[in-house]
Amino acid sequence: MAAPLASKAGSAGTTSKPSFPELDFRSGARVEELNKLIQEFTKHDQREYDDQRALEIHTAKDFIFSMLGMVQKLDQKLPVANEYLLLSGGVREGVVDIDLDELNVYARGTDYDMDFTLLVPALKLHDRNQPVTLDMRHSALCHSWLSLRLFDEGTISKWKDCCTIVDHINGATNYFFSPTKVADWFYDSISIVLSEIQKKPQRGMPKVEKVEKNGTIISIILGVGSSRMLYDIVPVVSFKGWPAVAQSWLMENHFWDGKITEEEVISGFYLVPACSYKGKKDNEWRLSFARSEVQLKKCISSSLMQAYQACKAIIIKLLSRPKAISPYHLRSMMLWACDRLPASYLAQEDYAAHFLLGLIDDLQHCLVNKMCPNYFIPQCNMLEHLSEETVMLHARKLSSVRSDPAEHLRTAIEHVKAANRLTLELQRRGSTTSIPSPQSDGGDTNQPDDRLAKKLQQLVTENPGKSISVFINPDDVTRPHFRIDDKFF
């Protein structure tokens, strides 16, 4: 991948050989230059939040959770005391494995400044200690149908209208939870609630700039002060424990062994509303291990994460048409690389360039061989459905990146700098005053919010890149319930 440094001096009695910088064999790029470009990309890509921005983040989050509490009260469908998983980065950033071809294109800087994904359980199965067995008879690998027979009569009665119905020969009726119908219900409910909220606006309440249904997710863009925040809200089914289909994965050796406990990794999983290439959209859900991935991320070195973020920025632009490769594929390849390579190698702080080149090579290898195994269910090939024409088109595009990685990094840096300039321009035009939370009456109650802003800024600074899990009770939305990994705030 990269040419080693030549010897700086010959042995005694021999002529000294000139030293050379470390070069990438394929492109001839200097590894030192690539490292500097990755550092520059990271500097512009990672935003620092001042007190005002932290308060705006809190205000938007508070608004979204209050809204979801009102959705629960509409028809009591959602669990009363729910547990959401809040992930930094939108669905388009590959934080969950959902198809991108049904999503409208939003651009950072143009449409939003910060993006989040919120997994909202519509149903929970949290009382099982045994491996969870799902109904995969009708589905492709890594997918499942969900029968409401697993739930009580009250739950079936609540959700009948969001099910497809299958009548058996023996006269029994089976209700299968439908991802498309659940998404339709969720979008309609959110629209009703937002309409009611906007009839009685409160001081400091975020401005709802956009509400769109993108396939089976609901995208909301909020304007809070000088910030625009994208929330991709995903209705999911939440499980405690681990699916039986992924049980064999636990028997293998992994890079996280000894760093985090197995209990942390297998604490729960989700079904997200996404079907396989040939699956039935009305019935089929996709297994998601987002909760586990939050834990695994703690074991990945900062230099590898920097290389991953830079590589992701390159491929999102380059491989956008036709839609075939998503950032989630790249995330899976990074996890496999962590299992394959020595931890001491991946921990090298000045190896970001090597890791970037390696990720590009890995992605190209997967395309040429039309093979990208799911990290948790390796027998599931996430590229199996692609045509030979599509994979070769993308492989050729990646070949151009591999031939001149420095130029593609410079382009990625220019894109992120342009997005930041758009954000700053909006901030200059926007309000520079403090924004009270939706519950504030605009009086002297701002002081607790100032303290909260500082607390949020501290959390962001101390937990870069980490995802936040939030316990929320819709009957008590006045108090924050942050959980970063295993710590509550």
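# Close-up views of a predicted model

**View 1. Helix α6 is mostly covered.** The buried residues of helix α6 are A290, R291, S292, E293, V294, Q295 and L296, where buried means under 20% relative accessible area, exposed over 50%, and partly exposed in between, computed with a 1.4 Å probe and protein chains only. This is a predicted model in which local features need pLDDT of at least 70 and side-chain atom pairs count only at pLDDT 80 or more, whereas totals for chains, interfaces and linings use all residues. Residues are numbered from 1 along each chain as its sequence is written, and side-chain values use heavy atoms, with hydrogens and water left out. Helix α6 spans residues 290–297, and 7 of its 8 residues are buried; helices (H or I, at least four residues) and strands (E, at least two) are DSSP runs numbered from the N terminus.

**View 2. L335 of helix α8 is in contact with L296 of helix α6.** Helix α8 covers residues 327–340 and includes L335, which has a relative accessible area of 5% and therefore counts as buried. Once neighbours within four places in sequence are set aside, the contacts of L335 (heavy atoms within 4.5 Å) are F255, L296, I300 and Y375. The C-alpha atoms of L335 and L296 lie 8.5 Å apart in space, although 39 residues separate the two in sequence.

**View 3. V208 in strand β8 is shown with its contact partners.** Strand β8 is made up of residues 207–214, and V208 has its place there. V208 counts as buried because its relative accessible area is 16%. Leaving out residues up to four places away in sequence, V208 touches F63, L194, Q198, I220, I221 and L222. One of these partners, L194, is 14 residues from V208 along the chain, with a separation of 8.3 Å between the two C-alpha atoms.

**View 4. T423 in helix α12 touches R53, G109, D113 and R228.** Helix α12 runs over residues 405–429, with T423 among them. The relative accessibility of T423 is 9%, so this residue counts as buried. The four partners named in the title are those found when residues up to four places away in sequence are not counted.

**View 5. The loop between α10 and α11 contains both K370 and P378.** The loop joins α10 (352–369) to α11 (388–403). K370 has a positive phi of about 50°, although it is not a glycine. P378, in this loop between α10 and α11, counts as partly exposed because its relative accessibility is 34%. Apart from neighbours within four places in sequence, P378 is in contact with W336 and P373. A C-alpha distance of 8.7 Å is found between P378 and A246, which are 132 residues apart in sequence.

**View 6. Q76 has a positive phi in the loop between α2 and β3.** The loop that holds Q76 lies between α2 (51–75) and β3 (82–88). The phi of Q76 is near 60°, a positive value in a residue other than glycine. With a relative accessibility of 38%, Q76 therefore counts as partly exposed.

**View 7. Confidence is shown along the protein chain.** The chain averages a pLDDT of 84, and 82% of the residues score at least 70; pLDDT is the predictor's confidence in each residue, from 0 to 100. Among the elements of the chain, strand β12 (residues 285–288) has the highest mean pLDDT, 97, and strand β15 (residues 487–488) the lowest, 44. Over residues 4–13 pLDDT stays under 50, and the model has 10 contacts beyond four places in sequence for this stretch. Over residues 470–481 pLDDT likewise stays under 50, and here the model has 33 contacts beyond four places in sequence. Where pLDDT is low, the predicted coordinates should not be read in detail.

**View 8. The whole chain is given as context for the close-ups.** The protein chain has a secondary structure of 13 helices and 15 strands. Of its 489 residues, 52% are buried. Among contacts between residues at least 6 apart in sequence, 73% join residues at least 24 apart.
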